[in-house]
Structures are given as structure tokens and as C-alpha cells.
Amino acid sequence: MSEILEVKSRYVLDSRGNPTVECEIKTEKGYFKAMVPSGASTGKHEALELRDNGKQFHGKGVTKAVENIQKIIRPKLIGLNPCNQKEIDSLMIELDGTPNKSRLGANAILAVSLAVARAGALEKAQPLFQYLGELSENKNFVLPVPHMNIVNSGKHAGFENDIQEHLIMPIKAKSFSEALEMSVEVYHELKNNLAAGLGSRAVLVGDEGGFVPPLKNTNERFEAISKAIEESGYSGKIVLALDAAASEFFNGKEYTLWGKNYSSGELIDYYCDLGKTFNVFSFEDPLAEDDWTGWREITKKLGKKRQIIGDDLLVTNPARIKKAIELNACNALLLKVNQIGSLSESLESARLAFNNNWRVVVSHRSGETSDSFIADLVVGIGALQSKFGAPARSERTAKYNQLLRIEEYLNSQGKAEYAGKKLK
Ligand code: PGA
Ligand code: ZN
């Protein structure tokens with residue numbers, strides 16, 4: 001059994017051109033790297049992403065986080081067995097000693113945590129997804145239904161008071177590769193339609209690779225997307241989803257969308273209408289992160305047939321997930337590893353969700369890197385759904401491409417199952 005011989009850290013750039021943390025672990029078996037992502041519409045209950053707030057990079061430098069790995073984490077990790085994921089994560093959480101990882105930084109701890117997992121996988125001579133399956137006691141490897149954000153708005157496109165993401169979910173594909181093909185065709189059909197009708201500026205893309213057309217509201221965007229689905233020949237095979245990121249348009253009392261104010265109840269009525277007009281299967285963050293009453297109401301109204309996902313509400317935090325389960329505030333978890341800041345805690349959050357018959361969607365952040373760890377994670381834990389952005393821009397396609405490779409690997413063993421059937 002080899003041990004951790006060296007731990008290095010450095011800054012690299014993310015997809016928005018901001019610095020982020022990379023960690024590199026050395027064992028006798030080789031070198032293992034991981035990079036961390038970064039959100040824009042971050043939940044206020046997330047673990048702390050440590051930034052320098054100095055002159056460099058408009059305050060976004062990560063020198064302190066990089067140093068914390070070198071000076072505080074590294075000396076404790078040398079000599080440890082990289083397969084002891086839980087012990088290593090617990091050790092870093094203890095070294096940090098704060099409830100939100102504000103001393104060392106969630107970005108520092110997560111970079112190490114993910115690199116350690118890669119080292120552990122090779123130690124056991126397993127593909128990463130299989131090793132993550134072992135860590136989460138899952139043997140049922142299923143390729144996920146992607147949620148693809150093909151029309152971007154809100155913080156990812158420079159707009160205020162708007163619904164953030166308009167997504168397609170190719171539920172009725174036979175395989176993941178067919179699902180990807182269908183989604184890519186719809187993406188390009190939409191692109192052609194938007195460019196033809198609204199001009200070439202209408203197909204400039206936002207942070208997650210979706211288009212940012214000058215369409216007034218979600219109804220108009222869903223109309224354009226539904227048309228592209230129909231013209232591509234996939235009516236009835238692809239359903240719609242949205243991520244409202246509603247904390248971004250809540251002022252503590254009311255919600256403001258497209259110049260109009262809504263109470264919690266009025267906003268829920270709007271979602272109910274939208275769900276009737278279009279085939280919307282999944283609603284993420286339909287209400288603000290602490291509007292528990294609103295969340296309970298929407299889950300009561302729509303939760304039997306549709307998916308209500310907590311992102312900013314839950315921040316991948318077991319304590320908040322427990323509260324949401326008790327209150328029946330939603331029925332699905334958006335799992336973002338950097339919201340909680342370690343692999344082991346992310347696995348605990350997923351377990352909690354599964355044990356309570358919730359669905360789990362493994363998600364990227366709007367600021368991403370070429371690291372494809374979450375593609376292995378979604379298959380490894382058997383999560384059934386992924387949210388990795390549009391099928392464009394390398395930081396997004398890195399994840400889809402890794403899913404293609406995993407599908408090929410599982411196919412060679414005769415067991416590449418696609419999750420579509422399990423969702424309806
Ligand atoms: P973020 O957006 O990464 O900017 O937080 C993604 C999301 O809200 O799901
Ligand atoms: Zn979200």
C-alpha cells in the first residue's frame with residue numbers, strides 16, 4: 001500500500017478567468033490533480049470560498065487558500081494512506097475547526113479531498129467512478145439524465161430579477177450517448193432559429209454555455225426551446241426544467257421578476273401555470289433560500305408529480321437537508337461538492353437524500369474548470385441526474401466527454417444503463 005509522499009498546491013484559472021485552487025498529490029503510483037469550481041449565484045449558507053480580497057485579481061486571488069494547503073494541511077497528510085478518504089477529510093475539517101471552513105477555506109480543503117480520491121482510486125486500480133461507488137457503498141452504476149442549461153439568464157448573463165436557467169432533460173433516450181446527441185441537436189436547432197429570427201447577437205453564450213437571446217421572459221424562452229425540440233423530432237422525449245435561483249430576486253419580502261412584484265404564493269401560482277403550459281418536470285430553487293413556508297407550499301402543490309430541487313436552500317449541507325426532510329420542503333438535492341467543501345461530507349449529503357427517497361442531481365458551478373471529477377461522481381454514487389451546463393465550452397463538455405468514456409467502459413462489460421426510465 002503506497003502512501004502520500006507529497007502535496008502541492010497552486011492557483012490556476014477557472015472558466016471565467018478567475019483564480020481557483022489546484023492540488024496535486026504524489027504517491028508511489030503517480031501524481032493526482034484536482035481543481036475546484038466556483039459559483040456566482042452562491043447560497044448564503046455555503047461553506048466559505050477563501051479569497052485574498054487584496055489588490056491582485058480584483059480581490060479574487062487564492063494565495064491564502066494555496067498557502068493553507070502547503071503550510072497547514074500538507075505536513076499532516078504526508079505518510080497517510082490515500083485510501084483513507086474519510087479520515088483525511090475529517091482531519092482537514094478538524095484542522096479548520098470552523099462550522100463553514102472559513103479558516104482554511106472550502107476551496108483549499110476540497111482541492112485536497114478530490115485529489116486524494118483520485119490517488120485512492122489508482123491505489124485500488126479502479127476507475128474513479130467505481131472507487132467513488134465503493135466509498136458510497138453503491139454498485140449500481142447508471143448513466144445520468146443530463147439537465148442542460150441552453151438558455152442562460154440572471155447572474156450568468158449579466159441580468160437582474162430574472163429566472164436563471166432554462167434546461168432540457170432528454171428523459172426518453174435509450175442511452176446516455178443518444179441523450180447527448182438529442183440535446184446537441186436541439187441546442188443547434190435553437191441556435192439556428194435564434195440567429196435567423198433575432199440576429200447573430202442572440203446566440204452569444206452565458207457562463208454555462210447557453211444562449212442569451214433577447215427574449216422577454218421564461219414563457220418566451222420555453223416557447224423557443226419547445227419549438228427547437230419539436231423541429232428536431234423529439235417531442236415527448238425531452239422535458240423542460242428551470243433553475244430560478246430565486247434568492248437572487250428576493251428582497252426579504254417580495255420577489256421581483258421582469259418588473260413585477262410577486263408574493264411567495266403568487267410566484268408559486270406562476271410556476272403552476274408554467275408547468276401546465278409547458279412540460280416542466282423539474283423546478284430548482286423556485287423560492288429563496290430561507291423562505292421555508294414557500295418551499296413547503298410548492299412541494300405540497302407540485303411535488304407529487306414534479307421534482308422540486310433545493311440548491312441554495314440546502315447547500316449540500318446535511319443539517320439543512322435534515323431540516324428540509326422534516327419540513328417536506330422539497331424532494332431533490334442539488335449536490336455541489338464545493339458548497340460543503342469535502343468529498344466525504346458530499347457523500348453523506350447524498351446518502352441522507354437517498355435514504356429519504358429524494359432524488360439527487362450532481363451539479364457543476366457556473367465557474368468551472370476542465371476537471372471532470374463530477375462526471376465520475378454522478379455515476380459512482382448512482383445519482384441518476386447531472387447538471388453540467390450546455391453541451392458547449394470545454395469546461396462543460398469535459399464532463400459530458402467523460403460520461404461518454406464511462407458509458408463505453410460499462411458497455412464493454414455489458415451494463416451501461418441510462419437513468420431515463422427511472423425518473424418517470
Ligand atoms: P452558481 O449557479 O454556480 O453560479 O451558483 C449554478 C446554480 O445556481 O445551480
Ligand atoms: Zn441552482
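**Salt bridges and the zinc site**

In this predicted model, D243 forms a salt bridge with K387, and the closest N and O atoms of the two residues are 3.2 Å apart. The pair links distant parts of the chain, since D243 belongs to strand 7 whereas K387 belongs to strand 14 (residues 384-387), 144 residues apart. Both D243 and K387 are buried, and D243 in particular has a relative accessibility of 1%.

D243 also takes part in the binding of the zinc ion (ligand 2), whose protein donors are D243 (OD), E284 (OE) and D311 (OD), at 2.0 to 2.2 Å from the ion. Along the sequence these donor residues follow the spacing D-x40-E-x26-D. Because D243 lies in strand 7 (residues 239-243) and E284 in strand 10 (residues 280-284), the pair ties together parts that are 41 residues apart in sequence. E284, with a relative accessible area of 2%, is likewise buried.

Across the whole structure, 27 salt bridges are found, among them one between the side chains of E123 and K29, with an N to O distance of 3.2 Å. E123 is located in helix 3 (residues 106-123) and K29 in the loop between strand 2 (19-27) and strand 3 (30-35), so this contact ties together parts 94 residues apart in sequence. E123 counts as buried at 11% relative accessibility, whereas K29 is partly exposed at 43%.

A further salt bridge joins R320 to D290, with the closest N and O atoms 3.1 Å apart; R320 lies in helix 9 (residues 318-327) and D290 in the loop between strand 10 and helix 8 (292-302), so that parts 30 residues apart in sequence are tied together. Finally, salt bridges that share partners join E165, D243, E284 and K387 into one network.

Methods
Residues numbered from 1 in each chain as written. Chains lettered and ligands numbered in written order. Predicted model: local features only at pLDDT ≥ 70, side-chain atom pairs only at ≥ 80, totals over all residues. Heavy atoms only, no water. Donors = N, O, S within 2.8 Å, 3.2 Å for Na, K, Ca; no water. Helix = DSSP H or I, 4+ residues; strand = E, 2+ residues; numbered from the N terminus. Buried < 20%, exposed > 50% of the residue type's maximum accessible area, 1.4 Å probe, protein only. Salt bridge = Lys/Arg side-chain N within 4 Å of Asp/Glu carboxyl O.
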